[in-house]
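I opened the notebook to write down what I looked up, entry by entry. The structure comes next, and my notes follow.

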Amino acid sequence: MGKRSVIPYGPQHPVLPEPIHLDLVIEDERVMEAIPSIGFIHRGLESLVEKRDFNQMTYVVERTCGICSFGHGMGYCETMERIFDVEIPDRAKFLRTIWFELSRMHSHLLWLGLLADGFGFENLFYQCWRIREKVLDLQEMTCGGRVIFSVNTIGGVLKDMTSEHMQIILKTMDEIEQELKTIQKTFFEDYTVLSRLKGVGIMPKEKINELGCVGPFARASGVAVDMRKLGYAAYPMIDFEPVVSEDCDSYARCYVRLMEIYQSIDIIRQAIAKIPSETDLVTPVKGNPNGEAFVRLEQPRGEAFYYAKASGKPNLERMRVRTPTFANIAGLCEMLKNTELSDVGLLIITIDPCISCTER
Amino acid sequence: MAILKFAPEALSNLFKPPVTTAYPAKPAEYPERSRGHIEIEIDDCISCGLCARACPCGTISVDRSAGTWTIDRYDCIACGFCVVKCPKKCLTMVPGYQTPGGKKSSVTYQKSPEVMAAEAKKREEAAAKAAAAKAAAAKE
Ligand code: SF4
Ligand code: SF4
């Protein structure tokens, strides 16, 4: 047995998009154990329910994270809709689905870029972000914000998409599909990329189930969990199957996320083809909420959980968000065991950590 | 295994113009729906204060007697909730972001004297009406 030592990793580290700290117990160059500590960017958003009323909270919850902002706003609104027991108009459901898939695309493209940056492929990184910019433009065109949508409201959505908007979206989807094909070759076949990803960071299926990992991280190890199949928004009316890989390594995580971008493109096309033409976008809700409810959503990073408890007052009693990264940190520490120290940065990126979400 | 899969793409990029805009040499273009900042049609405002109460950031303050409407643009998150809540539809979200600054400051909009005078007259009339009604009720 070699000599053990502890290396502090993060919270400020060039490879980390957000601050997380890991104490790596290493023996020679091998990581034996990883001990996480979080709490660098806790903002107390959940306790803001005491100061902001349930309508204002929509905008607060949305700002939990800049990448999955749409999902957070939608998750909160769905929870409140359950408390109020209202059904939102069909067109609003489809619009939510389209926006949610757009945000998934931009999140996955961002991640692909970060992954490329993680293994030092700067050029590929820029190409991914160049494509992502097109998705951001669509978001800005339809909602007015590049990453913060502010279109969800309790009972529906605030803005509609015109038919021109939809035409532009469809056209851009075709372009993105073409461009993705060019970078896909590099991610799936290039020698340098494969040598960094193949067989690195193996996470067996049993461990995923044991530690309750979620999202693409779980799907890359053959666990077909996808909360979209629970049937919120317009997903029951859309035909899709979760993307799953049995490889369990970093390459599989890259594969799953890249294929999910194609899947999102497909879902958006289906949604635009099936969207009903209604003028109503909001089912009005009256009075103050009373009761409790929870909702589970598939965010780009995995399953997110929203809980709200109200007692007939404008201010909620309790609001809770459990984000996907929170569920995946346990899996990350397990995965880091027995890996090379030089792979740690890349492996942290492969779970797509979103620490701001986690700490709220 | 293939090597240099990305080389054709990388080489072709050498001969393409940049995808970014040469800002500020070229002006930035915003879509029509861009949530930049809030504008107010101050003379339509009835100083009801609903926008101030709705704002999640406490950005707006309304003074009914002075006829002013004040916004701290540095606090505004451009969520647009005040626009939804305003009963007179005098608030609009328009493109154009707040320029950065070294200090926080707020902007105050003042109603025109004519509108103020008309409002004061209306209030007086209403007060006179209420007084008359009260007197009539007392007589009975
Ligand atoms: S846009 Fe939002 S933050 Fe800005 S003033 Fe209106 S309600 Fe307040
Ligand atoms: S809600 Fe509209 S009318 Fe009322 S104070 Fe605000 S801007 Fe004026």
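**Interface of chains A and B**

I looked up the contact area first: about 2300 Å² is buried between chain B and chain A, and carbon and sulfur atoms give 56% of that. Buried area here is the accessible area (1.4 Å probe) that two parts lose on being put together, summed over both. Phe6(B), Arg33(B) and Arg35(B) supply 33% of what chain B buries against chain A, more than any other three residues.

I noted the basis of the entries: this is a predicted model, where local features need pLDDT of at least 70, side-chain atom pairs count only at pLDDT 80 or more, and totals for chains, interfaces and linings use all residues. Residues are numbered from 1 along each chain as its sequence is written, chains are lettered from A and ligands numbered from 1 in the order in which they are written, and side-chain values use heavy atoms, with hydrogens and water left out.

I then listed the residues in contact (heavy atoms within 4.5 Å): 32 come from chain A and 25 from chain B. How many salt bridges are there between chain B and chain A? I found 0, taking a salt bridge as a side-chain nitrogen of Lys or Arg within 4 Å of a carboxyl oxygen of Asp or Glu.

**Rings in chain A**

I looked up aromatic pairs and found 14 over all chains. Rings of Phe, Tyr and Trp (its six-membered ring) pair if their centres lie within 6.5 Å; planes under 30 degrees apart are stacked, over 60 edge-to-face, and the rest tilted. Phe70(A) and Phe100(A) make a tilted pair, with 6.0 Å centre to centre and 55° between the planes. This pair links distant parts of the chain, 30 residues apart: Phe70(A) is in helix H2 (residues 69–84) and Phe100(A) in helix H3 (residues 90–118) of chain A. Helices are DSSP runs (H or I, at least four residues), and strands likewise (E, at least two), numbered from the N terminus.

Are these two rings buried or exposed? Phe70(A) has 0% relative accessibility, so I entered it as buried; Phe100(A), also at 0%, counts as buried. The cut-offs are under 20% relative accessible area for buried, over 50% for exposed, and partly exposed in between (1.4 Å probe, protein chains only).

Ring pairs join Phe70(A), Trp99(A), Phe100(A) and Phe149(A) into a cluster.

**Thr70 in chain B**

I placed Thr70(B) in strand S3 (residues 68–71) of chain B. At 14% relative accessibility, Thr70(B) counts as buried.
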